[in-house]
Amino acid sequence: MTRLFGTNGIRGVVGQDMTADLAVRVGRAIGTHFGRGSVALARDPRLSGPMLSRAVAAGLMASGLEVIDLGMVPTPCAQYYVHVHGHLKGGVVITASHNPREFNGIKALDAQGMEMAREEEEAIETVYFEERYATADWSAVGDLRSDPSAIDLYLRGILSRVDVEAIRKRRLTVVADPASGAGCVTTPYLLRSLGCRVLTLNGQPDGAFPGRLPEPTVEHLGDLMHLVVEAKADLGVAHDGDADRAIFVDERGAFLYGDKSLALLARSELAKRGGLVVTPVSTSSVLDDVVREAGGHVLRTKVGSPIVARAMLAQGAAFGGEENGGIIFPEHQFCRDGGMTVAKMLEVLAREGQSLSALAAALPQYSLKKEAVPVPVERREATLEGLVRLVKGRKVETIDGVKIHEADGWVLVRPSGTEPLFRVYAEAKTPERAQALAAEGAELVRRAVKG
């Protein structure tokens, strides 16, 4: 049996790996796993979204499930809908998140609105590959109905978890860049509800992503950084395609890496109650420094927001998230949430009374470098084995990939769960050393690929 689900759902290039036929069969497999009941369905604005969502809906209904179509909404909005409506079997979201425009994907949610646990994904994969689909007879086929209430429910949920009055008193100016993705229908309205002056960039949903690619990296956010300065805004915020992540730009137009926003929000959350913070092995040491100072401690996991969320739930964590802007607030829901991240960062600015650049400058300073090395999927396991051999005798941990610890920094090399490449993360106190470690990590991958 071949694996179907990756780190975060099923993803592929539309018309090649991701087809209507596959979507119908995945819908049937998910429906068979869920059994009878109701399930939510949502999508981001990718051009193939309507095709794939209808195909999945057909598969779900063929299994006898009632499908509640939420339409085009952020992934955390759909997750919150499932979380709040406790009677649902779960949900399905058609999204490829940060992947390029030619990709799309299928994400399965459990009854809590969380991404499926791996054992549930395996059960769905068994049904799919063995074609053991449950088929409803003519009188028991599921139906399809729409529910337009998901966005309002989600925004009210966020507003109930932050100090709205404190934020409104600050009267912040914010530039929002949802990347023409699903965040277009939520984040500008959330900001307005919080009393902000709002400017939007790439603010109309468009699955071709004409303004920029959906991943909110420094290379893609030049227009946002420029507009924040020109508009004399207090900050800018950028989402990925399905708005489960949020990356910030400070008032000087500087890109704020996700490690720093994670650290600022962790300090704010731990100030209330202390406790455990969960994050992947790829996150900067700045988080450890901040959490330690706040009297908490950090648990490291494999990369992937579902893994982080599951660990948070199991350990009763106070806070968690990833270095890519995917942050999880357990009092709200156990998934990364770009909208909640925006509201919480505004709350930090309102309470601290300082600029975002000043707050970031006060954090312990590290330099982080990232690279990506193409590796064919069929060479993934052999490359990992080769890496382990190449670093034998050094201080290494293998929670996820290979992380090499040096006295003055570290480098992590791991296979992507969504693309045919290995990701390299390197950190040190100086940019030069971080770059050298990243270069070493990339070269190790290239050597390991060759065998």
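This note goes through a predicted model, starting with the chain as a whole and then turning to one helix and two buried residues.

1. The overall form of the chain can be checked against a simple rule: with 451 residues, a compact globule would have a radius of gyration near 22 Å, and the chain has 21 Å, which agrees. Along the principal axes, the C-alpha atoms fill a box of roughly 65 × 60 × 40 Å.

2. The chain is made up of 15 helices and 20 strands, and 59% of its 451 residues count as buried. When contacts with a separation of 6 or more are considered, 70% of them are accounted for by residues 24 or more positions apart.

3. Helix α1 covers residues 20–34, and its length can be tested in the same spirit: at 1.5 Å a residue, the 15 residues should span 21 Å, and because the end C-alpha atoms are 21 Å apart, the expectation and the model agree. After the helix comes Gly35, which has a positive phi, near 80°.

4. Which residues of α1 are buried? They are Leu22, Ala23, Val26, Gly27, Ala29, Ile30, Gly31 and Phe34. The partners against which these buried residues pack include the strands β1 (10–13), β2 (38–43), β4 (90–94) and β5 (103–109), together with the helices α2 (49–62) and α4 (118–130).

5. Leu349 belongs to helix α12, which runs over residues 338–352. Its relative accessible area is 2%, and since buried means under 20%, Leu349 is counted as buried. Leaving out residues up to four places away in sequence, Leu349 touches Arg170, Leu172, Leu235, Gln354, Ser355, Leu356 and Leu359. Tyr80, by contrast, lies 269 residues from Leu349 along the chain, and the C-alpha atoms of the two are separated by 25 Å.

6. Asp250 is found in strand β10, residues 246–250, and a student may want to look at its surroundings with some care. Is this residue buried or exposed? Asp250 is buried, yet it has no salt bridge, and the nearest side chain of opposite charge, that of Arg252, is 5.8 Å away. A salt bridge is counted within 4 Å, so the distance of 5.8 Å is consistent with none being assigned here.

7. The backbone of Arg252 should nevertheless be noted, for its nitrogen lies 2.8 Å from a polar atom of the Asp250 side chain. Apart from residues up to four places away in sequence, Asp250 touches Val228, Asp234, Leu235, Leu356 and Ser357. Leu235 and Leu356 are also listed among the residues that Leu349 touches.

Notes: Residues are numbered from 1 along each chain as its sequence is written. Side-chain values use heavy atoms; hydrogens and water are left out. Helices (H or I, at least four residues) and strands (E, at least two) are DSSP runs, numbered from the N terminus. The expected span of a helix is 1.5 Å times one less than its number of residues. Buried means under 20% relative accessible area, exposed over 50%, partly exposed in between (1.4 Å probe, protein chains only). Contact means heavy atoms within 4.5 Å. Lys and Arg count as positive and Asp and Glu as negative; His and the chain ends are not counted. A polar contact is a pair of N or O atoms within 3.5 Å; within protein, one must be able to donate a hydrogen and the other to accept it, and residues adjacent in sequence count only if both atoms are side-chain atoms. The radius of gyration is taken over C-alpha atoms; the globule rule is 2.2 Å times the number of residues to the power 0.38.
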